[in-house]
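Got your viewer open? Let's take a short walk, one selection at a time.

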Amino acid sequence: MIAQHFPILQVVLPLMAAPLMVLLRRGAPAWLLAVIVSWTGLFISLSLLAQVADGSVISYAIGSWPPPWGIEYRIDRVNAFVLVLVSLIAAVVVIYSRASVAAELPAHQHYLFYSLFALCLAGLLGIAATGDAFNLFVFLEISSLSSYALIALGRDRRALMASYQYLIMGTIGATFYIIGVGLLYLMTGTLNMADMAQRLAGVTEVRAVLAALAFITVGICLKLALFPLHLWLPNAYAYAPSAVTAFLAATATKVSVYVLLRFYYSIYGESAIFYALPMGQILLLLSLAAMFIASAIAIIQSDLKRLFAYSSVAQIGYITLGISFDSVTGLTGGIVHLFNHALTKGALFMLLGCFALRLGRIRFDNIGGIARVMPFTSFGIVLGGLSLIGAPGTAGFISKWYLVLAALESGQWWIALAIMLSSLLAVVYVWRFVEAAYFREPDAKTAQLKEAPLEMLVPALLMIAACFYFGLDTTLTVDGAARAAQTLLQGIR
Amino acid sequence: MTIAGHFSYWITIFLAIAGLYIVIARGNLIKKLVGLGIFQTSVYLLYIVPGKLIGGTAPIIAEQYGLYSNPLPHVLILTAIVVGVATLALGLALVVRIREAYGSIEEDEILDLDKTPVFPNTATSKPA
C-alpha cells in the first residue's frame with residue numbers, strides 16, 4: 001500500500017525531483033515537474049490531515065528501523081496542519097512562478113530555480129514531518145541552503161549581500177540549534193523527540209537541559225526572525241525574486257515557529273524544567289516589541305517589498321505572542337495566525353510580484369495612480385491589507401480575535417489593548433499604499449502599464465479570496481488549530 | 001571535577017566563542033566565513049568528545065571487548081561536516097559573485113557602494 005508511505009513520500013518526491021530538474025536542463029519541463037510534485041504533496045498532506053483528525057498519531061519508521069533507534073516520522077494534528085499549509089502555499093506559488101520567473105530570471109537559470117524550489121520545499125516538509133531532532137537539523141539546512149541560493153537569484157546586486165547576511169545568521173541559528181540538541185543528547189541519550197520528552201522528565205541535572213533550551217530558543221528565533229533577531233529578513237525578502245519572497249514569507253518562518261512549538265510543548269512540556277526559565281515573559285516582551293517597533297519601521301519604508309517584510313516581522317510577533325500566553329486559547333490564536341498570516345502575506349507578496357513584473361523596484365514614488373492601470377492587483381493588495389490589519393470578515397480578524405480572547409482570559413487586558421493599538425499601525429502603512437495607488441495622478445510612464453498576466457493574477461487573487469473565506473468559515477482553520485493546541489498542551493494539563 | 005578533567009570542553013567553548021567573535025568583528029567576507037567554519041567545528045568537538053571512552057574500542061560485541069565508544073556521535077558529525085562543507089561552498093560562491101558585482105569583499109565598502117547611485121555598467125536593477 002502506497003498510502004502507508006505517505007509521511008516520507010511527500011518529502012522524498014521533491015527531494016528526488018530536484019536533481020531530475022537539473023538533468024532536464026530546460027525551464028518548461030522542470031516547471032511541469034515542480035507542479036506535479038507540489039500538487040501531489042498537497043494531496044498527500046490533506047490525506048494525512050484527514051487521517052490524524054481524530055487525534056491518532058502516524059508513526060513511520062524509515063527503513064523499518066523501529067524508533068527510537070531508527071529515524072521516526074511522526075505525524076500528529078500539529079504538524080499535519082503545518083504540512084498542509086506548506087504544501088498548499090507551494091502548490092499555489094508554483095503556478096504563479098512560471099510567468100514571474102520568466103520575467104525576472106534569465107532563461108538559463110529557470111530550471112535551476114525550480115530545482116532549488118523543490119529542494120526548499122523538501123526541506124520545509126521534512127522539518128515538519130520528522131520526529132527526530134537531528135534529522136530536523138539536516139532538513140533545516142536543506143531548506144536554508146536552497147533559500148540562500150534562491151534569494152541570491154534576485155536581479156538587484158543587493159540580493160547577493162542579503163543572501164550572504166542570511167547565510168551567516170541562518171548558519172549561526174542552525175548551529176545554536178545543533179548545540180542545544182547536542183546537550184539534550186548528552187543528557188538523555190536519544191534523538192527521538194517522543195523518547196527525549198519521556199527521558200527528560202527523569203533528568204535531575206537541570207542546568208545542561210536549561211542551556212539546551214536557551215540555545216534552541218535563540219537558534220530557532222534567528223530562523224523565525226523574532227525581533228530583534230530579524231535583521232536578515234527585510235533585505236532577503238526585498239531583493240529576492242518575487243516568487244521566492246512569496247514562498248519564503250509564507251512558509252519558512254512559519255515552519256520555524258512550528259519547531260519552537262514542538263520543542264517547548266512536546267519535548268520540554270512534559271517536565272517542569274520549562275517553567276524554570278521565564279520563557280513566557282521573555283517571548284511576551286519580544287513579541288510586543290516586534291508588534292510595535294517593526295510596524296513603526298514598516299511605516300517609514302519607501303520600498304513596498306521592504307515595507308511588507310517589516311510587516312512580516314511584526315506579524316510574527318503576534319504568533320509568538322499567542323505562544324507566550326501558554327494557554328489553549330493563546331496557542332489556538334498563535335497557530336491560526338500562523339496559517340492566516342501565511343495566506344495573507346503570501347498573497348500580498350504575489351501581488352507585489354505583479355507590480356514588480358511591470359515596474360522593477362516598487363517604490364512609493366513610482367506607483368502613483370497605479371490603481372487606474374492595474375486595478376485588480378491594487379485592489380487585491382488593499383483587501384490583503386485589510387486582512388493584515390484584522391478588519392472584521394477577514395482571516396486576520398479571526399486570529400486577532402483569539403489573541404485578544406487569550407489576553408483577556410489571562411487577565412492582562414493591557415495586552416488586548418496593545419494588539420488593537422499595533423493594528424492601527426498596520427492601518428497606517430496600508431493607507432500609505434491606498435493613498436499612493438488611488439489618490440495620485442499616474443505619470444506618463446505609469447499610464448502605459450498593463451495589468452499583470454492572468455496566470456499570476458489568478459493564483460494571487462485566489463489566495464486573497466481564501467483570506468476572506470477563512471474569515472467567514474473558520475471550521476478548517478480554528479478547529480484545526482484548536483485541536484493542534486490541545487495536542488500540544490496534552491502533556492502538561 | 002577539575003579544569004583539567006574538562007579540558008576538551010574548554011577547548012570546545014574557546015573555539016565556539018573565537019569563531020563567533022570572528023564572524024561578528026571582521027568585515028572581510030572571507031574571514032567571516034572562516035569564523036563561521038571555526039564555530040561549526042567547535043560543535044563537532046562537542047558531539048565527538050563525550051562519545052569517546054579512554055580504552056574503548058569500536059563497537060564490537062564479543063567476549064574480549066567490554067568497553068566501546070559510542071559510534072552514533074561520529075555518524076551525526078559526519079552529516080554535520082557535510083552540511084558545513086555545503087554551507088562554506090555556498091558562502092564562498094556568494095563571495096565570488098559579490099566580488100564580481102561590487103569589486104570588493106569588505107563589508108563596509110560594499111554597504112557604502114549601495115548608498116551611492118549604481119553605475120550603469122554594473123546596474124542589474126533596471127526595470128524589466
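## Start with chain B

Select chain B and trace its sequence from start to end: the pattern reads α-α-α-α. That's four helices and zero strands. One thing to keep in mind as you look around is that this is a predicted model.

Now color chain B by burial. Of its 128 residues, 23% count as buried. For contacts in chain B between residues at least 6 apart in sequence, 44% link residues at least 24 apart.

## Where the chains touch

Next, show chain A as well and select the residues where it meets chain B. You should pick up 29 residues of chain A, in contact with 31 residues of chain B. Which helices of chain A each supply at least two residues to this side? Highlight helix 5 (133-152), helix 6 (158-188) and helix 13 (328-359) of chain A, and you have them. Helix 6 of chain A gives the most, with 14 residues.

Try coloring that side of chain A by residue class: 18 residues are nonpolar, five polar and six charged.

## A helix pair inside chain A

For the last stop, select residues 77-104 of chain A, which form helix 3, together with residues 242-267 of chain A, which form helix 10. The two axes come within 7 Å and cross at roughly 165°. The angle is over 145 degrees, so helix 3 of chain A runs roughly antiparallel to helix 10 of chain A. Rotate the view to see how helix 3 of chain A passes helix 10 of chain A: the crossing is left-handed. Finally, show the side chains at this helix contact, where you'll find 16 nonpolar, five polar and two charged residues.

Methods
Residues numbered from 1 in each chain as written. Chains lettered and ligands numbered in written order. Predicted model: local features only at pLDDT ≥ 70, side-chain atom pairs only at ≥ 80, totals over all residues. Contact = placed C-beta atoms within 7 Å. Nonpolar A, V, L, I, M, F, W, Y, C, P; charged D, E, K, R; others polar. Buried ≥ 20, exposed ≤ 12 C-beta atoms within 10 Å, placed from the backbone. Axes fitted to C-alpha atoms, helices over the stretch in contact; angles between N-to-C directions. Parallel < 35°, antiparallel > 145°, perpendicular 65-115°, else oblique. Left-handed = near helix turned anticlockwise from the far one by under 90°.
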